[in-house]
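Visitor: I am new to this structure and would be grateful for a guided account of it. May we proceed by question and answer?

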Amino acid sequence: MKTMLNVALPKGRLGEKVYAMFEKAGFECPSIKENSRKLIFENEEVGVRYFWVKPSDVAIYVERGAADVGVAGKDILLEYEPDVYELLDLDIGKCRMAVAAMENFRDDTHRTLRVATKFTNIARQYYLSKGRDIDIIHLNGSIEIAPILGLSDVIVDIVETGTTLKENQLQVFETIVPISARLIANKANYKFKEEQIEKIVAEIAAQGKA
Ligand code: PRP
């Protein structure tokens with residue numbers, strides 16, 4: 001019997017794109033396309049098992065070895081710094097981590113800057129590198145509201161099309177880092193399944209160049 005490769009896919013549109021890449025790379029699993037609420041799918045013939053997980057949880061599954069490989073956004077990797085191998089930039093799920101504020105915002109560097117964000121580690125490191133004093137306000141979503149209501153001066157958040165900012169009269173002030181989806185692997189499992197994993201890396205890297 002073939003060794004099964006356990007793959008954590010981020011649930012949602014990005015995950016479907018990722019599955020298409022794996023399928024093209026020879027790791028197809030037709031049952032995954034059946035509309036169902038199942039979360040685990042496997043194809044013993046090609047030796048692959050997929051599971052749909054919340055995008056922000058992929059790195060946890062991979063770090064702890066419940067998944068051998070997975071796909072996570074660079075935002076999650078920078079924020080949580082999981083101990084995993086980053087094997088490939090998939091060049092999809094592209095966006096940027098940015099500082100945004102109300103259009104009329106002017107920074108007063110003598111005052112502590114109030115920063116609302118889900119990404120507290122990224123924000124802390126960014127302002128530390130600039131030597132700027134900040135007060136972090138950790139929020140779980142709808143971050144754009146914070147400066148409008150005066151809860152914060154700026155936000156650190158993901159900007160993709162910029163529509164959310166625009167519709168809330170906010171604008172980007174600084175770009176912190178570009179973001180895209182990365183193929184990651186568990187460090188110990190990589191050694192045992194190196195051949196299978198490297199085959200996927202090579203096939204998917206070749207798709208990018210095609
Ligand atoms: C992100 C981010 C913004 C939005 C930006 O949220 O927090 O709200 O996308 O996209 P745009 O520039 O194309 O408008 P996401 O949809 O990932 O959901 P979340 O709020 O649950 O993080």
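The conversation below moves from the whole chain to selected residues.

Visitor: What kind of model is this, and how many helices and strands does the chain have?
Guide: This is a predicted model. The C-alpha atoms of the chain fill a box of roughly 65 × 35 × 30 Å along the principal axes. The secondary structure of the chain comes to 8 helices and 11 strands.

Visitor: What percentage of the residues in the chain is buried?
Guide: A residue is called buried when its relative accessible area is under 20%. The chain has 210 residues, and the buried share of them is 45%.

Visitor: What part of the accessible surface belongs to carbon and sulfur atoms?
Guide: The accessible surface of the chain comes to about 11,700 Å². The part of that surface belonging to carbon and sulfur atoms is 49%.

Visitor: How far apart are the mean positions of the positive and negative charges?
Guide: The chain carries 28 positive and 32 negative charges. A mean position is taken for the positive charges and another for the negative charges, and the distance between the two is 1 Å.

Visitor: Which residue in helix α1 forms a salt bridge with Lys33?
Guide: The structure holds 11 salt bridges, and Lys33 takes part in one of them. Its nitrogen-to-oxygen distance is 3.1 Å. Lys33 is in the loop between α1 and β2, and its partner, 10 residues away, is in helix α1. That partner is Glu23.

Visitor: Is Lys33 buried or exposed?
Guide: The cut-off for an exposed residue is a relative accessible area over 50%. Because Lys33 has a relative accessibility of 56%, it counts as exposed.

Visitor: How many residues apart are Lys187 and Asp83?
Guide: Lys187 and Asp83 form a salt bridge, with the closest N and O atoms 2.6 Å apart. The pair links distant parts of the chain, since Lys187 is in helix α7 and Asp83 is in the loop between α3 and β5. Their separation along the chain is 104 residues.

Visitor: Which residue meets Arg114 in a salt bridge?
Guide: Arg114 lies in strand β7, and its partner is 39 residues away, in the loop between α5 and β9. The N to O distance of the salt bridge is 2.9 Å. Arg114 is partly exposed at 25% relative accessibility, whereas the partner counts as buried at 13%. The partner is Asp153.

Visitor: Which residues does Pro147 contact, leaving aside its neighbours within four places in sequence?
Guide: Pro147 is found in helix α5. Because its relative accessibility is 7%, Pro147 counts as buried. Leaving aside neighbours within four places in sequence, its contacts are Met102, Ser152, Asp153, Ile155 and Leu170.

Visitor: Which residues make the nonpolar surface patch of about 290 Å²?
Guide: One member of the patch lies in helix α5, which covers residues 145–148. This member is partly exposed, with a relative accessible area of 42%, and patch residues must have over 30%. The residues that make the patch are Ile145, Ile148 and Leu149.

Visitor: Is Asn189 buried or exposed?
Guide: Asn189 is found in helix α7. Leaving aside neighbours within four places in sequence, Asn189 is in contact with Gly65, Ala67, Asp68 and Ile197. Because its relative accessibility is 17%, and the cut-off is under 20%, Asn189 counts as buried.

Visitor: What is the phi of Ser142?
Guide: Most residues other than glycine have a negative phi. Ser142 is not a glycine, yet its phi is positive. Ser142 is placed in the loop between β8 and α5, and it counts as exposed at 51% relative accessibility. The phi of Ser142 is about 45°.

Visitor: Where is Asp91 placed?
Guide: Asp91 also has a positive phi, of about 60°, although it is not a glycine. At 48% relative accessibility, Asp91 counts as partly exposed. Its place is in the loop between β5 and β6.

Conventions. Residues numbered from 1 in each chain as written. Predicted model: local features only at pLDDT ≥ 70, side-chain atom pairs only at ≥ 80, totals over all residues. Heavy atoms only, no water. Patch = residues over 30% accessible without salt bridge, like charges linked within 9 Å, V, L, I, M, F, W, Y side chains within 5 Å. Areas by Shrake-Rupley, 256 points an atom, 1.4 Å probe, with all protein chains shown as cover. Salt bridge = Lys/Arg side-chain N within 4 Å of Asp/Glu carboxyl O. Helix = DSSP H or I, 4+ residues; strand = E, 2+ residues; numbered from the N terminus. Buried < 20%, exposed > 50% of the residue type's maximum accessible area, 1.4 Å probe, protein only. Lys, Arg positive; Asp, Glu negative; His and termini not counted. Charge placed at Lys NZ, Arg CZ, Asp CG, Glu CD. Contact = heavy atoms within 4.5 Å.
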